[in-house]
Amino acid sequence: SATSTPKRGAFILLEGVDRCGKTTQVSLLVKHLLSLSIAAVAYRFPDRTTQVGGLINEYLQSSVQTDDRAIHLLFSANRWEAAPKLVDTLARGTNIVCDRYAYSGVAFTSAKRAEDRSSMSGGELTLDWCMSSDVGLPAPDAVIFLDLDQDEAEKRGGYGGERYEKRELQMRVRQRFAELQSIDEKQGRIPWHVVDASQSVEEVQARIAGIVSNIIERVQTDTAQLGRMWG
Ligand code: 2DT
């Protein structure tokens with residue numbers, strides 16, 4: 001009998017606004033998959049452990065004005081530097097559960113307004129401009145968007161001290177995510193699953209587990225290659 005090539009892993013992306021519980025759900029989902037003997041690993045962006053990630057970390061923790069386009073490109077570079085390993089991991093049959101990706105990149109940068117912006121970086125940071133540096137990255141097989149309204153998010157203990165943890169910005173970020181969802185829905189390649197993140201951790205986890213088992217099944221029966229972002 002022919003030896004079959006191993007099925008590739010699924011690239012599952014969790015996105016959402018701050019405080020929606022993404023990080024908790026990423027780790028619960030990886031544990032859940034491992035408990036079913038399904039190979040899975042967590043990724044997160046920004047990956048602060050690389051040199052580029054170190055620069056991003058310094059930026060996020062300070063209030064020093066830095067050119068917004070330069071910072072945007074660092075976040076993007078931080079994904080590009082991870083891409084070869086990500087592709088290799090999937091090719092070996094391991095599923096990836098990822099905490100933020102290019103959608104956060106576009107949503108946050110494009111949500112900045114003139115008054116938050118560095119003077120060197122005039123002009124509008126359009127959605128198109130923000131998307132362009134991520135075009136061609138490995139695309140997730142699905143986006144699971146944890147949806148939580150602003151008031152609910154703030155009830156969860158308020159924001160921390162990092163640069164982007166401010167109400168007005170977060171509200172615009174939410175709006176950008178919605179625009180990106182509709183762009184993906186028009187392209188019809190990357191499906192979105194919106195999960196109500198105001199439910200209990202267990203309820204959200206159960207919903208995500210159900211969605212993910214379908215994604216993994218679809219990827220395994222699919223002959224389709226891993227896609228590319230926004231191409
Ligand atoms: P965490 O709190 O999840 O570590 O995120 N961000 C993230 C961007 O502005 N651009 C990006 O490309 C990514 C991935 C979101 C830290 C902050 O970084 C923002 C919150």
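1. A good place to start is the pairing of D68 with K112: their side chains meet in a salt bridge, at 2.8 Å from N to O. This joins distant parts of the chain, with D68 in helix α3 (residues 68-80) and K112 in the loop between α5 (102-111) and α6 (127-132), 44 residues apart. Both partners are tucked away: D68 is buried at a relative accessible area of 2%, and K112 is buried too, at 8%. Keep in mind as you read on that this is a predicted model.

2. How many salt bridges are there by this rule? The count comes to eleven. As general background, side chains of opposite charge can pair when their charged atoms come close.

3. Another one to look at is E162 with R48, whose side chains form a salt bridge at 3.0 Å, N to O. E162 sits in the loop between α7 (150-155) and α8 (167-187), while R48 sits in the loop between β2 (40-44) and α2 (51-61), so this pair ties together parts that are 114 residues apart in sequence. R48 is partly exposed, with a relative accessible area of 35%.

4. Then there is R92 with D88, a salt bridge at 2.8 Å from N to O. Here R92 is exposed, its relative accessible area being 62%, and D88 counts as partly exposed at 36%. You can also find a network of salt bridges that links D151, E154 and R167.

5. Now for charges on the surface. Which residues gather in a patch of negative charge there? They are D147, D149, D196, E202 and E203. Of these, E203 belongs to helix α9 (residues 201-221). E203 is partly exposed because its relative accessible area, 43%, falls between the 20% and 50% cut-offs.

6. On to the cysteines. A search of the whole structure turns up zero disulfides. C20 is in no disulfide, and the nearest cysteine sulfur, that of C98, lies 13 Å away. C20 is also buried, with a relative accessible area of 4%.

7. Why is C130 not bonded to C98? The closest cysteine sulfur to that of C130 is in C98, and at 19 Å it is too far for a bond. For comparison, a disulfide needs the two sulfur atoms within 2.5 Å. C130 is buried as well, with a relative accessible area of 0%.

8. The backbone has a few spots to check by eye. In general, most residues other than glycine have a negative phi, and most peptide bonds are trans. Where is there a cis peptide bond? Look at the bond from F45 to P46, which is cis with omega near 0 degrees. P46 is placed in the loop between β2 and α2, and R48, from point 3, is in the loop between β2 (40-44) and α2 (51-61).

9. Two arginines also deserve a look for their phi angles. R19 is not a glycine, yet it has a positive phi of about 80 degrees. You'll find R19 in the loop between β1 (11-16) and α1 (22-35), where R19 is partly exposed at 36% relative accessible area.

10. The other arginine is R100, with a positive phi of about 75 degrees although it is not a glycine. R100 lies in the loop between β3 (95-99) and α5. Is R100 buried or exposed? R100 is buried, with a relative accessible area of 15%.

Note on methods:
Residues are numbered from 1 along each chain as its sequence is written. This is a predicted model: local features need pLDDT of at least 70, side-chain atom pairs count only at pLDDT 80 or more; totals for chains, interfaces and linings use all residues. Side-chain values use heavy atoms; hydrogens and water are left out. Buried means under 20% relative accessible area, exposed over 50%, partly exposed in between (1.4 Å probe, protein chains only). Patches are made of residues with over 30% relative accessible area and no salt bridge: like charges are joined within 9 Å, nonpolar side chains (Val, Leu, Ile, Met, Phe, Trp, Tyr) within 5 Å. Accessible areas come from the Shrake-Rupley method with a 1.4 Å probe; for residues, only the protein chains shown count as cover. A salt bridge is a side-chain nitrogen of Lys or Arg within 4 Å of a carboxyl oxygen of Asp or Glu. Lys and Arg count as positive and Asp and Glu as negative; His and the chain ends are not counted. The place of a charge is taken as NZ of Lys, CZ of Arg, CG of Asp or CD of Glu. Helices (H or I, at least four residues) and strands (E, at least two) are DSSP runs, numbered from the N terminus.
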